[in-house]
Structures are given as C-alpha cells and as structure tokens.
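Reader: I am new to this structure and would like to learn how its features get their labels. Could we go through them together?
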Amino acid sequence: MTTTAPKRYDSPGEAPGTAPPPGKLDRNLLAVALVVVLGMAMTGLDMTAVNVSLNRLSSDFSTSLATVQWVATAYTLALAAVIPVSAWAIGRFGTQRVFMASVVLFLGGSVLCGMAWSIESLIAFRVLQGLGGGMIMPVGMTIMTRRAGERMPQVMAIVGIPMQLAPMAGPLVGGWLVDAVSWRWIFYLNVPLAVFALVLAARVLGPDEPSPTRPLDVKGLLLLSPGLSALIFGLTTGAHHGDFGDVSAALPTAAGALLVAAFVRHALRTEHPLIDLRLLRERAVAMSATTLALFMCGFFGMMLLAPMYYQMVRGESATATGLLLVPSGLGTLVTMPLGARLIGRVGPRRILLTGLSLSVVGLGTFAVLVGAGASYWALGAALFATGGGMGMTMMPTMASAMQTLRPEAVPVASTLLNIVQQVGASAGTALISLVLANALAGRAAADAPGAFQVSYAVGIALLVLALVPASRVARAMAPGPQAPVVHES
C-alpha cells in the first residue's frame with residue numbers, strides 16, 4: 001500500500017506547507033477567487049442576457065425566430081464541444097494560461113458579436129464566444145479547488161453571491177439594454193469585465209508548471225465533442241419544436257447518443273482517455289455525478305415553466321416576468337453562503353438532502369398555487385424556497401465529489417461534472433418541454449394551469465429520485481478536497 005500526499009497550491013510561488021491555517025482566508029486566496037468569479041459571472045450574465053434579446057434580433061435582422069434561436073443554440077453547442085478538452089489542456093498548458101486564453105477568446109467573440117452585420121455572422125461569432133466560455137467554468141473550478149483546499153466551503157460562501165447575482169441580473173440588464181440602448185451592448189458589456197479579469201489573472205494567479213501526464217486522446221475527442229454537440233442539438237431542437245419524432249431532432253439525438261456510447265466504450269479500454277470514466281468507481285464521484293444529473297434534469301427543466309406560466313397564463317411581459325423570477329435568485333443568495341459555512345460542521349450529506357428537500361417543497365407548492373391562480377406574493381415565496389434549495393445543492397455536490405481526489409484528478413472530475421451539468425440541463429429542458437406540449441394539446445386556454453401542473457409533477461419526481469444517490473454522498477468533509485488517497489501498489 002502506498003500513500004500519495006497532495007500538493008497544495010495556496011498562492012503563486014508559495015512553498016508547500018506554508019499555507020494559512022485551515023479555515024482562514026488570506027488576501028491572495030480572495031484575489032484568486034475574485035478572478036475566477038469574474039470569469040464565471042461574465043459567462044452567466046451573457047447567457048441569460050442574450051435570451052431576452054431574441055425577439056429584438058428577429059426584428060432587427062428581419063428573420064424568423066427559429067433562425068434567431070441559433071444565436072443561443074450555437075453558443076451552447078460550442079460550449080459542449082470544448083468542455084471535454086479542458087482537463088487535457090490544463091495538464092498541457094497550466095491553469096493560468098488556459099484560463100486567460102479562454103477569457104481572451106470569450107472577449108474576442110463578444111466584441112465581434114457586438115459588431116455583427118447579419119444573423120449569420122452573429123451566430124458564427126457566438127460559436128467563437130462559446131469556445132472560450134466553455135472552458136472558463138471547469139478551469140475556474142480547478143483553480144479554486146487547488147488553491148482553497150480545505151478552505152473551499154469558506155471561499156464558496158463568499159464567491160457564491162456574485163456568481164448567483166450575475167445570471168439573476170442577466171434578464172434585467174439585458175432587457176434594459178435592449179429597450180433603452182441596443183442589443184449590441186449586451187455583448188459590449190463583457191469587455192470591461194473580461195479586461196479586468198485578465199489584468200487580475202496576470203497579477204494574482206501566477207504561472208503554474210504544466211504537467212502533461214498524458215497525450216491528447218484524439219479518438220476520444222473526435223467521439224465525445226461532436227457526440228455531446230449532436231446530442232444537445234437534438235434535444236434542444238425537439239424541445240423547440242415540441243416533437244422529438246421529427247427527423248431534425250431524432251437523427252442528431254440518436255447520432256449523439258451513439259457517439260457518446262462509443263466514447264464510453266473507448267474510455268474504459270484506453271490507458272489515457274480524454275475523460276477518465278474510471279473516476280466513477282470512486283463512490284463520492286459516482287454518487288455526486290448521479291445526484292447532479294437528476295437535479296439538473298429536474299430543476300433546470302422546470303425553470304423554463306415559471307416564465308412560460310407567467311407569460312402564457314398570466315399575460316405578463318418579458319420584463320415583468322424577469323422581475324417575478326427574482327425571488328428564486330434571492331433564495332439562492334441566502335442559502336448558498338449559509339450552506340458553505342455549515343458544510344464543514346454537518347457534512348455534505350445533510351446540507352444536500354436539506355437543499356433537495358427544500359426544492360421539492362418549493363416547486364410542489366408552486367405547482368399547487370399555479371392551479372389555484374394564487375397571488376404573486378405566494379408564488380414568489382414558493383420560488384424563494386425553490387432557489388434556496390438550489391443554493392444548498394450545487395456546492396455540497398461538487399465538494400463531495402472533489403474532496404478525496406488526487407490533485408491531478410481534479411481537472412478531470414471538474415470536466416466530467418460540467419459535462420453532466422450541460423447534458424442534464426439540456427435533457428431536462430427537452431423532457432419538460434415535451435411533457436408540457438403534450439399536456440397542452442387539446443386543452444382550452446382556461447385549462448392551461450393543469451398542463452403546467454402535470455409538467456411540474458414530472459420534474460419533481462426527478463428531484464425526489466435525486467434524494468437516493470444524495471443520501472449516499474459523504475457524511476462528513478475530509479480534511480481537504482485533495483486529501484491523500486490510498487492506492488494498491
């Protein structure tokens with residue numbers, strides 16, 4: 001039996017063993033956290049802000065809404081295509097270089113999007129933007145996990161607030177810019193944020209030595225990246241059309257599923273796969289990934305129902321709908337730092353089970369209120385509880401997966417969990433869209449709330465299923481997210 005001691009990355013140039021006491025946050029770590037938050041918040045703000053501009057884009061470019069949807073879809077597909085290569089890129093070039101290159105690519109794509117002269121050019125530049133944005137999240141999580149160590153919960157208690165504010169503010173900021181200035185400023189808004197992130201990254205991240213422990217798995221890349229893109233495209237197309245039997249949805253979905261299945265077979269047989277699926281043999285990673293998949297599928301699938309309900313049933317405008325959804329974000333803001341502070345005391349399992357249960361109660365209450373035509377205050381309270389549950393779910397799930405891994409396994413696990421998030425959210429959106437479309441078919445307008453209740457029931461069932469793997473995650477936090485792991489020699 002041999003024991004592998006973890007390497008710490010507490011600050012640039014800092015020698016092992018000189019880290020601050022556990023639980024104490026030094027200025028350098030907070031500066032690193034700020035860099036990562038800027039990158040993640042920038043992509044979150046952009047994604048949600050762009051969604052509210054699609055109608056205006058359709059009008060300005062004199063094209064159909066179906067074509068304009070590609071502005072959002074192209075970004076998502078590029079995101080899915082580039083995520084799998086993140087772990088290899090980190091090992092080959094180091095976290096600082098990959099993070100800064102991703103921000104530069106996202107910045108360049110943003111500027112070009114703002115200068116777009118046609119819907120085709122805008123879609124092409126969104127692909128470029130997505131290629132940069134796709135790596136920011138996994139690389140950022142790797143940086144934070146390495147630098148924070150056992151202080152990760154305390155860091156997340158602080159950085160979780162701006163990370164949640166960005167996507168919540170996106171629809172409001174985007175709606176105001178579209179109405180008061182121009183849709184182009186949705187993209188130009190990224191410029192100062194990206195420049196600030198680059199300046200800080202150059203100063204505080206410090207160069208880290210690349211550790212190319214394995215060659216690029218070209219075969220795996222050619223299977224997984226197009227497989228994920230085709231799968232997500234098929235699911236998204238089916239959701240938009242409300243018909244997964246149509247060849248435009250069924251064919252890419254089937255092709256994507258086959259390519260992903262082929263990658264799984266390849267990854268389990270090759271020595272250095274693009275994503276080492278053998279990590280799933282670790283109970284913590286497997287249970288966390290399963291919980292995350294079910295939660296993303298159920299929660300994010302249902303998140304499209306609330307805005308559709310407010311607009312279709314209650315007749316609210318897009319701006320008013322954005323304001324009515326704010327309680328969900330506020331709930332997350334309240335519980336995320338609370339859960340991060342408590343996770344070291346009570347462990348990931350209790351926090352995670354509490355968060356999932358709160359989401360189930362919140363969404364169940366919202367579904368009941370939808371049928372009763374309740375007041376906006378009551379609906380807002382239900383959404384607040386729902387968001388509160390989400391704030392206590394994501395971080396414990398990630399922490400549980402990372403805490404027993406070797407340092408070199410962290411980028412792979414982070415990449416794997418990001419893929420799970422993307423596929424889970426897309427699958428959930430597609431599933432709930434299909435259920436809603438079928439439930440609405442043949443119903444009178446007055447019966448529409450009942451269709452929404454049926455759709456909520458499916459999503460809630462997925463969250464209840466997530467309680468099963470969640471009950472098997474770690475009961476207590478290990479000494480650090482990269483605690484020594486014992487291997488057979």
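Author: Gladly. Please keep in mind that this is a predicted model. We can start with helix α17, where the buried residues are Leu379, Gly380, Ala382, Leu383, Ala385, Thr386, Gly387, Gly388, Gly389, Met390 and Gly391.

Reader: What makes Ala382 count as buried?
Author: Buried means under 20% relative accessible area. Ala382 has 4%, so the label "buried" fits. This residue sits in helix α17. Its C-alpha is 9.8 Å from that of Gly331, although 51 residues separate the two in sequence.

Reader: How do you know that the span of helix α17 agrees with what it should be?
Author: Helix α17 covers residues 376-391, which makes 16 residues. The expected span is 1.5 Å times one less than the number of residues. That gives 22 Å for α17, and its end C-alpha atoms are 22 Å apart, so the two values agree.

Reader: Why is the pair of Tyr310 and Tyr376 called edge-to-face?
Author: Two rings pair if their centres lie within 6.5 Å, and planes over 60 degrees apart count as edge-to-face. For Tyr310 and Tyr376 the centres are 5.8 Å apart and the planes are at 70°, so both conditions are met. Tyr310 belongs to helix α13 (residues 305-312) and Tyr376 to helix α17, so this pair ties together parts that are 66 residues apart in sequence.

Reader: Are those two rings buried or partly exposed?
Author: Tyr310 is buried, at a relative accessible area of 0%. Tyr376 is partly exposed, at 29%.

Reader: What makes the pair of Phe366 and Tyr456 tilted?
Author: Stacked needs planes under 30 degrees apart and edge-to-face needs over 60, with the rest counted as tilted. The planes of Phe366 and Tyr456 meet at 55°, with ring centres 5.6 Å apart, so this pair is tilted. Phe366 lies in helix α16 (residues 348-372) and Tyr456 in helix α20 (residues 448-470), so the pair ties together parts that are 90 residues apart in sequence. Both of these residues are buried.

Reader: Which residues do ring pairs link into a cluster?
Author: The cluster is made of Tyr309, Tyr310, Phe366, Tyr376, Phe452 and Tyr456. The structure holds 13 aromatic pairs.

Reader: How do you know that Ser359 makes a polar contact with Met390?
Author: A polar contact is a pair of N or O atoms within 3.5 Å, where one must be able to donate a hydrogen and the other to accept it. The side chain of Ser359 reaches the backbone nitrogen of Met390 at 3.4 Å. That distance is within the cut-off, so the contact counts. Ser359 lies in helix α16 and is buried, with 0% relative accessibility, while Met390 is one of the buried residues of α17.

Reader: Why is the contact between Arg278 and Asp276 called a salt bridge?
Author: The rule asks for a side-chain nitrogen of Lys or Arg within 4 Å of a carboxyl oxygen of Asp or Glu. Here the closest N and O atoms are 3.2 Å apart, so the contact qualifies. By this rule the count comes to one salt bridge. Arg278 is partly exposed at 22%, and Asp276 is partly exposed at 24%.

Reader: What makes Leu105 eligible for a nonpolar surface patch?
Author: Patch residues need over 30% relative accessible area and no salt bridge. Leu105 has 32%, so it passes the area cut-off. Leu105, Val127 and Leu131 make a patch of about 190 Å². Leu105 is in helix α5 (residues 95-114), and so is Gly108. The C-alpha atoms of Gly108 and Leu128 are 8.0 Å apart in space, with their places 20 residues apart in sequence.

Reader: Why is Trp117 called exposed?
Author: Exposed means over 50% relative accessible area, and Trp117 has 64%, so it earns the label. Trp117 is found in the loop between α5 and α6. Its C-alpha lies 8.8 Å from that of Phe61, and the two are 56 residues apart in sequence.

Reader: And how do you know that Ser62 is exposed?
Author: Its 67% is over the 50% cut-off, so Ser62 counts as exposed. Ser62 is in the loop between α2 and α3. It has a positive phi of about 50° although it is not a glycine.

Key. Residues are numbered from 1 along each chain as its sequence is written. This is a predicted model: local features need pLDDT of at least 70, side-chain atom pairs count only at pLDDT 80 or more; totals for chains, interfaces and linings use all residues. Side-chain values use heavy atoms; hydrogens and water are left out. Patches are made of residues with over 30% relative accessible area and no salt bridge: like charges are joined within 9 Å, nonpolar side chains (Val, Leu, Ile, Met, Phe, Trp, Tyr) within 5 Å. Accessible areas come from the Shrake-Rupley method with a 1.4 Å probe; for residues, only the protein chains shown count as cover. Helices (H or I, at least four residues) and strands (E, at least two) are DSSP runs, numbered from the N terminus. Buried means under 20% relative accessible area, exposed over 50%, partly exposed in between (1.4 Å probe, protein chains only). Rings of Phe, Tyr and Trp (its six-membered ring) pair if their centres lie within 6.5 Å; planes under 30 degrees apart count as stacked, over 60 as edge-to-face and the rest as tilted.
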